[in-house]
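I opened this entry to look up helix packing and internal cavities. My notes follow the structure.

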Amino acid sequence: MANTTIIVVMAIWLTGLAGWAVRDWVKRRRTQLVFIICSAAVTVYGEAHWDVLIGVQQSTSADALIVYSSFGRDITLWVLLAYMAWVGTMGYLAFAAIERRWSAGRLWKLYAGMLAFDLVAEILIVRGGVYSYYGNQPFRIFGIPFAWPIVYTTTFMILGFVTHQFFAHFPGIWRLLYLPVVPSTALGVVTFAGWPVTSGLGMGLSVPAMTALGMGSTSIAVFLFGLMARRQAAGATGTSTPAATTPVPSGRVRTERGRSRGGPGDQ
């Protein structure tokens, strides 16, 4: 029942997002959201890899529609729909904020809003029995290890930044390269920020030790986003190094130059 419910929810969400993407394409000739949704579908290919690293077990029913299997994990239809809807929405919101040159403060507010949404949504999904975190994870909030929503939110924001930079520099047919860039970026951010926790899981450390490592992962994730926000804010305000100026000659020097050139009455 839980799998059916989340499939319906994600299908409705994706339908609305796809309609938004088509509207942007037809009325404004903007294809970014279309590319983000398609690349999110490609990104689901890394889910089995992340499940092993992060310590996630999907719950599948006998009649579940399996999209693919890897590392001994079955990835079902709801996961694909969730990637396209959830990652697509978050990545596009981050992209739109960056494109509109939001200040660092406003980006931090967006980050906080995304984090709150991700945490609440994950709590509902986990408590609904759709998937669960196993092993000695960092301190949990209603079943969710506190570190992972922060890492995920940083990933969404970095995807928005990468999308903005990619579309600013790659026109036409080159934009097809965006499809593999997003999965690589997502996996890279999760690995870069989450390695303390994933390493601890591999060593079977205690919960207190994992909580300390979780604080390390959250620190890396927040630092990474803060670095991006500062970079974006500097670009939005047009901050640049002041140009060197030529000293203005003193009055005496100007007078001497005038005499050397000659003027009225110097005959």
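The entries below take one helix pair and then the cavities.

Entry 1, status of the model. I am working from a predicted model.

Entry 2, the H4 and H5 pair. I looked up helix H4, residues 77–99, against helix H5, residues 104–127. Their axes come within 10 Å and cross at roughly 165°. Angles over 145 degrees count as roughly antiparallel, and H4 and H5 are therefore roughly antiparallel to each other. I noted the crossing of H4 past H5 as right-handed.

Entry 3, residues in that contact. From H4 I listed Trp78, Trp86, Met90, Leu93, Ala94, Ala97 and Ile98. From H5 the list reads Leu107, Leu110, Met114, Phe117, Asp118, Ala121, Glu122 and Ile125. Sorted by class, the contact between H4 and H5 has 13 nonpolar and two charged residues, with no polar ones.

Entry 4, cavity count. I then asked how many cavities of 30 Å³ or more there are. The count comes to two.

Entry 5, the largest cavity. I have its volume as about 480 Å³. Its lining holds 24 residues, and the closest to the cavity centre are Glu47, Tyr83, Val87, Tyr152 and Phe156. Which elements give two or more residues to this lining? I wrote down helix H3 (47–54), strand S1 (56–58), H4, H5, strand S4 (131–133), helix H6 (147–169) and helix H7 (178–203). H4 gives the most to the lining of the largest cavity, with six residues. By class I recorded 17 nonpolar, three polar and four charged residues in the lining of the largest cavity.

Entry 6, the second largest cavity. About 30 Å³ of space lies in it. I listed its lining as Ile36, Ser39, Ala40, Val87, Gly91, Leu159, Thr163, Tyr178 and Val182. Helix H2 (32–43), H4, H6 and H7 are the elements that give two or more residues to the lining of the second largest cavity. Which element gives the most to the lining of the second largest cavity? I found that H2 does, with three residues. The class split for the lining of the second largest cavity is six nonpolar, three polar and no charged residues.

Entry 7, cross-check. I went back over Val87, which is among the residues closest to the centre of the largest cavity and also lines the second largest cavity. I also went back over H4, which packs against H5, gives six residues to the lining of the largest cavity and gives two or more to the lining of the second largest cavity.

Technical notes: Residues numbered from 1 in each chain as written. Predicted model: local features only at pLDDT ≥ 70, side-chain atom pairs only at ≥ 80, totals over all residues. Heavy atoms only, no water. Axes fitted to C-alpha atoms, helices over the stretch in contact; angles between N-to-C directions. Helix = DSSP H or I, 4+ residues; strand = E, 2+ residues; numbered from the N terminus. Parallel < 35°, antiparallel > 145°, perpendicular 65-115°, else oblique. Left-handed = near helix turned anticlockwise from the far one by under 90°. Contact = heavy atoms within 4.5 Å. Nonpolar A, V, L, I, M, F, W, Y, C, P; charged D, E, K, R; others polar. 1 Å grid on protein atoms, 1.4 Å probe; cavity = no way out; pocket = protein on both sides within 12 Å on 5 of 7 lines; lining within 4 Å. Points joined across faces, edges and corners; volume = space filled by probe spheres on them.
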